[in-house]
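Please open the model in your viewer and keep a selection panel at hand. The stops below follow one another, each beginning with what to select.

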Amino acid sequence: MSGSSRRRWLVAAFIGACVVLGSTAAPVSAQQEIFEQGNQFYQAEDYAAAVEAYEAVRAGGFESPDLHYNLGNAHFKTGQLGRSILSWERTLRLDSGHEDAAANLELAVRLSADDIEPLPRFWLLSAISWWVTLVPRSALLVVVALGWLAFTCGAFARILLRAERSRRLGGWGMTAGAVTLVLLGSTLALREFEVGQAERGVILVEAVLVRSAPADDDGLTVFEVHEGTRVRIDQRTEQWAEIVLDDGKVGWVPVGVMGVI
Amino acid sequence: MSALVRFRRVVPVALFALALTSAPALVAQLVAQNVGVRAYLTPGTTVGVGRQFVLNLEVTGVRRVDRDPVLPDLAAFAQYLGSGTSTSMEMAGGQTTVALTVQYRFQALVEGTFQIEPLQVAVGGQTYNTEVLPLTVASAPPAPGAANGSTDAGGIAPADLFVEAEASRTTVLVGEPLTIEYRIWTRLDVTSFSLTSEPEREGFWVEGLGQITQPQVEQRLRNGQQYTTALIQRVALIPTGAGQRTIEPLGIEAQVRVSRSNDPLDRLFGRSPLFGRATVVPAAVLSNSLSIQVDALPAGRPEPFSGVVGALALTAEVDRDELDANDAVTLTIRVSAQGNVRAIPEPVLDLPRDFEVFPPEIVESVEPSGDGLSGSKVFEYVLIPRTPGERMIPSVSMGYFDAASGSYGTARTDEIPLLVTGEINEPPVSLQRVGVAQLREDIRFIRLGDGALRPVESFLFQGAAFWTLLLLPMPAVLGALGLRRHWDRLEGDVAYARGRRAGRVAKKRLATAQGLVREGDSRAFFAEVANALRGFVADRLNVAEAGMQIGELRVSLAGRGVSTESASDFLACLEQCDRQRFAPAGAEIEERIQFLERAGAAMTMLDGALR
C-alpha cells in the first residue's frame with residue numbers, strides 16, 4: 001500500500017472527528033438578538049425591561065456567564081439585592097474566573113444584612129473544590145475532547161504508520177492524551193456528577209424566620225436570615241428546605257424564599 | 001492647671017509641737033467636743049486687684065476632717081495659688097479645745113464685689129456648710145513708684161513689690177514683631193518667685209525668647225527710691241490681625257522675707273538670719289496690662305507674600321552646576337529677614353517639568369534683634385533632572401513690607417544655569433504621583449457583545465454527541481488494526497498477495513481483451529483472454545503461469561476443493577482460447593462478446609469456489 005493512500009485514511013478520520021464536534025453547535029441568533037435588546041434597555045437605564053429580556057433568553061433555554069452577569073446587574077439596579085447575588089453566583093458557577101461578577105458580588109455581599117463568619121474548611125476539600133471549578137465547563141469539555149482526539153490519533157499513528165519517527169510521535173500523542181483524559185476527564189466527571197458540591201441557594205426575600213423543623217410554627221424559630229444570604233441546601237421536601245449557613249447554623253425555610261444557584 | 005486640680009494636691013499638714021506631744025489621754029475628751037465650722041477672709045473682705053487674699057476654713061473640735069473640703073469655684077475673679085493646713089490646741093479652764101485651719105491662698109484678678117459661696121466639709125460622718133462671704137476687689141493696682149499703699153496679706157505695700165510690663169512699641173503693623181519685657185521691682189527681700197498666670201495673648205503669635213532661669217538682679221533708682229529689679233520674662237509678639245489689642249497682666253507669686261513684728265528694731269534685725277526673727281510670706285502680684293494698636297498693611301501686596309514686615313533678602317545656590325541625568329543636585333534657598341521669620345512660607349518653585357523635586361529640609365533660626373526679631377530660614381531641595389540638556393532653575397521671588405520705607409518690596413534670586421549631561425533613556429516622569437482615589441462605589445458595567453449564549457447545559461453523559469465522540473474511535477481503531485494486518489500479509493505472504501491481486505489483474509486483462517473485440521485479429525483477442533484466465537488461476541493458486549497444462553490445472557483445482565462443474569467451465573474456456581488462438585478462421589464479433597462474458601462468469605465462479 002502506498003503512503004498517500006494511508007494519509008487519505010488519516011485525513012478522513014480527522015474530518016470525521018471534526019464533524020462530530022462541530023455538530024454540537026446550534027443556531028442561537030434569535031436569542032442573541034433578545035440579549036442585545038436587553039443590553040440596550042440597560043444602557044437606556046430601563047432596568048426592568050432589561051431584566052425581562054434577559055429572563056426571556058433564559059426561558060428560551062439558553063444561558064452564558066455574561067447573560068447571568070448582565071441579569072445580576074439589572075436586578076441590582078432595580079434594587080433586587082438577593083436576585084443580583086443569585087445571578088452573579090450563577091455566573092461564577094459557569095465561569096469561576098469572571099472578574100466582573102466576582103467584584104460585583106463582593107460589593108453586593110457587603111450590602112447584605114447578614115455578616116456571617118464562615119467556618120474553616122478542610123484544606124483538601126477546598127483545594128479539590130478550587131481545582132474542579134478552576135476551568136469553565138466548556139473549556140474543560142474542549143480540552144478533554146482534544147485529549148481523547150490526541151489519544152486516538154496517536155493510536156492510529158502507532159497502528160498504521162511505519163516510519164519510526166511517526167510512530168514515536170503517535171506514542172507521545174497517546175501519552176499526552178491519556179494524561180489529559182485521566183486528569184481533566186476525572187475533573188469533568190467530578191463536576192458533572194457534582195461530587196462534593198452541595199446545592200446552594202440565595203435568600204431572595206427581605207427577611208425570613210428559620211425554623212428548627214419544616215413547620216409554620218413561630219415557636220420553632222431559631223434565627224432569622226436576610227436577603228442576599230447564601231446558604232447550603234442540605235435536604236428538601238416539596239415545600240421546605242433545610243439550609244446550612246456558612247457558620248454552621250442549620251434550620252428550615254420555605255422553598256419559595258430562595259433561589260437555587 | 002485649674003484651681004480645683006491644684007487644690008487636690010496632697011498638702012503637707014503642719015502640726016503644732018504641742019499637738020504632737022499631747023497625751024493619748026486627751027483623745028476621749030476631744031471626741032466629746034462640739035464641732036464648729038466657720039470661714040473667714042484675711043486680710044479682710046476688701047483686697048486690691050492683683051493682690052493676695054486667704055480664704056480660711058476653721059474647724060473646731062477635731063484635728064482632721066473626713067475628706068478634702070469642697071471649695072466654691074472662684075475662677076471668675078481669682079486665681080488659686082495654694083493651700084496650707086494647721087492645727088491648734090488651747091487649754092482653758094480644764095477644757096482643751098482643738099482646731100484645724102485650712103488656708104486657701106488666692107490672687108484677686110477682677111474688680112468688683114463678689115460672693116464666696118459656702119465651703120462644704122465633712123466631719124465625723126456629718127456635712128457642714130460655712131456661710132456666704134462677701135469679697136470686694138478694689139481698683140487698687142500697685143501703682144509703680146507709689147511711695148506708700150495699703151498693706152497686703154503679708155503686710156506688703158504695693159509700692160514695695162510690683163511687676164511692670166513694657167512693650168517695645170505700642171503701635172505696630174500686622175506681622176511686625178514687638179517685644180514685651182516683664183520686670184520685677186522690689187524694695188523687699190524677695191527670696192524666690194513663680195509665675196501664677198500667663199496672660200492669653202489673643203491676636204498675637206508668641207515667640208518665646210528663651211527662659212530666664214537666673215534673673216540678672218540690678219539696683220535702680222526709680223522716683224527717687226532705690227529698687228532691686230530683674231527682668232523675669234521677655235516675649236516677642238507678632239500681631240496676626242489689625243485692631244486694638246489688650247495684653248492681660250502677668251501674675252507672679254513672690255516669697256518675701258518680712259519681719260514678724262512691727263517693732264522697728266525687729267524690722268531692723270529681721271533681715272538678719274542670725275536673729276531668726278524674720279519669716280517668709282507669699283505675696284501675689286499682677287503686672288499692668290498693655291494696650292497695643294495694630295494697623296493693617298496697605299493694599300497692593302506683592303505675591304507670593306512672605307508675611308515679613310521688616311526687611312528680607314533671598315539667595316539661591318546649587319551644590320554643582322553640571323551633573324548627569326537622574327543624579328541629584330541640592331538647591332539651597334536662604335531667606336534672611338528682620339521680622340517674623342517663622343511665618344515665611346515655602347518658596348514657589350517653577351522648575352522644568354522633568355525635574356523631580358523632593359520636599360525640602362527646612363532649617364530656621366530666630367533671635368531677638370533690637371525691638372523685634374531677625375533670623376533666617378533655609379530651604380534645601382533635592383532635585384533630580386530626568387532628561388539631559390542645558391536647563392535653567394528659574395528665579396524665586398518673595399514679597400515683604402519694608403517697615404523703614406513704609407512700602408512693599410520684592411526680593412528675588414538669580415536664575416541658575418544647570419548643565420545636565422547623559423543620554424535620554426526614559427520619558428519624563430510626572431511630578432508628585434499620588435494614588436487614584438475611589439470617589440464612590442458602584443457595580444461594574446454589563447458585558448456588551450453577543451453574550452456567547454449556549455443551550456442550557458444538560459447532563460453531559462446523556463448527550464448523544466458525547467457518546468458518539470467517545471465510541472466512534474473504537475471501531476475505527478479496530479478497523480485500523482485489521483487494515484494493518486492486511487497490509488502486513490500483503491507484504492509478507494506472496495500467496496495472499498497474489499490471491500488478493502488475481503481478480504484485479506484478470507479484470508485488467510479482460511478489459512484489454514474487450515478492446516480487441518472489434519479488432520480484425522481474433523488471435524490477439526483470444527490470447528489476451530487466455531492470459532487473463534491463466535494469470536488469474538496462477539495467482540489464486542500461487543503457481544507459475546508459464547507452462548501451465550490444463551490437466552495439471554484440473555488436478556490442482558480439484559485439490560483445492562473446487563467443484564468439477566466450476567473447474568470444467570473455466571478449463572473449457574481456457575481450451576477454447578487455445579483452440580481459437582491457433583485456428584485460422586476469425587470468430588464473429590458477436591461470438592467474441594459472448595465468449596468474453598462466459599470467461600468472466602467462469603472466473604467469477606472459480607473465484608467463489610476458491611475462497
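Begin by selecting α2(A) and α3(A), whose crossing is left-handed; a crossing is called left-handed if the near helix is turned anticlockwise from the far one by less than a right angle, and right-handed if clockwise. The first helix, α2, covers residues 29-43 of chain A and the second, α3, residues 47-59 of chain A, and they pack at an angle of about 165° with their axes 8 Å apart. Helices here are DSSP runs of H or I with at least four residues, strands are runs of E with at least two, and both are numbered from the N terminus. The axes are lines fitted to C-alpha atoms, for helices over the stretch in contact, and angles run from 0 to 180 degrees between N-to-C directions. α2(A) and α3(A) are therefore roughly antiparallel to each other, a label for angles over 145 degrees, whereas those under 35 count as roughly parallel, 65 to 115 as roughly perpendicular and the rest as oblique.

This is a predicted model, in which local features need pLDDT of at least 70 and side-chain atom pairs count only at pLDDT 80 or more, while totals for chains, interfaces and linings use all residues. Residues are numbered from 1 along each chain as its sequence is written, and chains are lettered from A and ligands numbered from 1 in the order in which they are written.

Next, show the side chains between the two helices: α2(A) contributes residues including A:Ile34, A:Phe35 and A:Phe41, and α3(A) residues including A:Tyr47, A:Ala53 and A:Val57. Two residues are in contact if their C-beta atoms, placed from the backbone, lie within 7 Å. The residues of this contact divide into 11 nonpolar, three polar and no charged, where Ala, Val, Leu, Ile, Met, Phe, Trp, Tyr, Cys and Pro count as nonpolar, Asp, Glu, Lys and Arg as charged, and the others, Gly among them, as polar.

Now display both chains; the contact takes 38 residues from chain A and 29 residues from chain B. Which element gives the most to the side of chain A that touches chain B? It is α8(A), with eight residues, and the elements giving two or more also include α1 (3-22), α4 (65-77) and α6 (99-111) of chain A. That side divides into 21 nonpolar, 11 polar and six charged residues.

Stay between the chains and select β1(A) with β32 (residues 454-455) of chain B, which pair in the antiparallel sense over two bridges; strands pair if DSSP finds at least two bridges between them. Here A:Glu63 stands opposite B:Arg454.

Move into chain B and select the open sheet of three strands with the order β23-β31-β28 and mixed pairing. Its edge strands, β23 (322-324) and β28 (389-393), each pair on one side only, and the twist averages 30° from one strand to the next. Five bridges join β28(B) to β31 (residues 416-421), the two running antiparallel, and B:Ile393 has B:Ile416 as its bridge partner.

Then select β10 (residues 133-138) of chain B, which pairs in the parallel sense with β3 (residues 46-48) over three bridges and in the antiparallel sense with β7 (residues 112-116) over five.

Finish in chain A at β2 (residues 199-203), which pairs in the antiparallel sense with β5 (residues 230-236) over four bridges and with β8 (residues 258-260) over three.
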